[in-house]
Amino acid sequence: MTQELFDAMKQSVVDGDEEKAAELAQQALAQGIDPLVAINDGYVPGISYVGEQFGAGEMFLPDLMLAAEAMKAAVAVLEPEMERRGTQRQMLGKVVLGTVKGDIHEIGKNLVATMLSASGFEVFDLGVDVPFEKFAQKAREVNADIVGVSALLTTTMVGQKTVIEALDDLGLRPQVKVMVGGAPVTKSWAKEIGADGFSEDAMGAVTLAKKLVTSKE
Ligand code: B1M
């Protein structure tokens with residue numbers, strides 16, 4: 001039964017059907033399904049499939065855009081419940097987060113923001129296509145504990161290194177920790193650029209952020 005729902009979720013993203021995607025998200029909530037499980041087991045397989053087809057030249061940019069809109073519509077329905085589940089919490093730290101300059105992929109970054117915020121972090125989400133220095137300026141302004149930089153393109157992930165340099169320029173390292181993520185980002189890349197950590201997904205980002213603030217104490 002649940003698998004049928006997950007299959008329909010995947011299909012709604014593949015079809016780029018915003019309305020259906022949102023309706024299925026409502027159904028998942030009504031059935032008491034954990035919203036993050038619905039995202040990971042229902043919608044992510046859909047967007048991953050579309051990404052593969054796009055990479056193989058079988059689907060095109062408009063398909064990718066429609067799929068992304070459907071996925072966003074579903075996440076928008078699930079987000080309040082994700083936040084609600086994180087209500088009994090203490091403030092763990094401040095995170096400045098964004099997708100690096102030249103890159104407009106926001107779905108994964110938004111999920112990371114939601115999960116961090118639901119887990120007790122105060123998140124300053126700078127959005128997408130964020131200039132390198134803006135991460136550093138915001139970190140100084142809000143006295144951030146962590147700066148999180150997302151990148152989905154092999155051409156933009158080098159910008160993660162530039163953000164670290166911008167933090168260095170303002171004398172904010174190593175006090176302000178840096179975590180990086182996004183589909184092409186690896187542990188060895190994080191190490192190479194001097195980041196404090198990398199995570200493959202939104203839950204991992206929460207675990208990592210908790211570790212990073214603890215290491216500061
Ligand atoms: Co783009 N795109 N895209 N795209 N797109 C990819 C990334 C691509 C792999 C598709 C492919 O070719 N197979 C490819 C990149 C190739 C490469 O560089 N290696 C690609 C390309 C080429 C492009 C364009 C250049 C296409 C073109 O115009 N010719 C263009 C670039 C635009 C730009 O940014 N300048 C482009 C545009 C777009 C859309 C606008 C159409 C749309 C984004 C819409 C939006 O975000 N509002 C889009 C989409 C949807 C994708 C795919 C299909 C899906 C991305 C996504 O949302 N995944 C993607 C293929 C793929 O990844 N399978 C693709 C779901 C999301 C939940 O996962 O974002 O990985 P993800 O986030 C995860 C983790 O990575 C991690 O946690 C998240 C949650 O689990 N994570 C972090 C992410 N950030 C983190 C930060 C952290 C920690 C963890 O700490 C700070």
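**View 1. Residue classes in the shell around the ligand.** The residues of this shell comprise 19 nonpolar, 11 polar and 4 charged. The model is predicted. In total, 34 residues surround the ligand. Those that come nearest are Gly102, Ile104, His105, Glu106 and Ser150.

**View 2. Backbone contacts to the ligand.** Glu106 is one of the nearest residues, and a polar backbone atom of Glu106 is 2.8 Å from an oxygen atom of the ligand. Thr154 also places a polar backbone atom by a ligand oxygen atom, at 2.9 Å. At Gly102 the ligand partner is a nitrogen atom, 2.9 Å from a backbone N or O atom of the residue.

**View 3. The ligand in its pocket.** The largest pocket holds the ligand. Domain 1 (2-85) and domain 2 (93-216) both contribute residues to the shell, so the ligand lies between them.

**View 4. Elements that build the shell.** Six elements are named here. The helices α3 (35-55), α4 (61-84), α5 (107-118) and α9 (202-216) each supply at least two shell residues. The strands β3 (146-150) and β4 (177-181) each do so as well. Ser150, one of the residues that come nearest to the ligand, falls at the end of the range given for β3 (146-150).

**View 5. The cis peptide bond before Pro174.** Arg173 and Pro174 are joined by a cis peptide bond. Omega is about 0 degrees. Pro174 lies in the loop that runs between α7 (158-169) and β4. Strand β4 (177-181) also supplies at least two residues of the ligand shell.

**View 6. Positive phi at Asp129.** Asp129 is a residue other than glycine, yet its phi is positive, near 55 degrees. Asp129 is placed in the loop between β2 (121-125) and α6 (132-142).

**View 7. The whole chain, for orientation.** The protein has 9 helices and 5 strands. Along the sequence they follow the pattern α-α-α-α-β-α-β-α-β-α-β-α-β-α. The radius of gyration is 17 Å, close to the 17 Å that the globule rule gives for 217 residues, so the protein is as compact as a globular protein of that length. Taken along the principal axes, the C-alpha atoms fill a box of roughly 50 × 45 × 25 Å.

Technical notes. Residues numbered from 1 in each chain as written. Predicted model: local features only at pLDDT ≥ 70, side-chain atom pairs only at ≥ 80, totals over all residues. Heavy atoms only, no water. Near = heavy atom within 4 Å. Polar contact = N/O pair within 3.5 Å; in protein donor to acceptor, adjacent residues only side chain to side chain. 1 Å grid on protein atoms, 1.4 Å probe; cavity = no way out; pocket = protein on both sides within 12 Å on 5 of 7 lines; lining within 4 Å. Sits in = over half its atoms within 2 Å of the grid points. Helix = DSSP H or I, 4+ residues; strand = E, 2+ residues; numbered from the N terminus. Nonpolar A, V, L, I, M, F, W, Y, C, P; charged D, E, K, R; others polar. Domains from an automatic or database assignment. Rg over C-alpha atoms; globule rule 2.2 N^0.38 Å.
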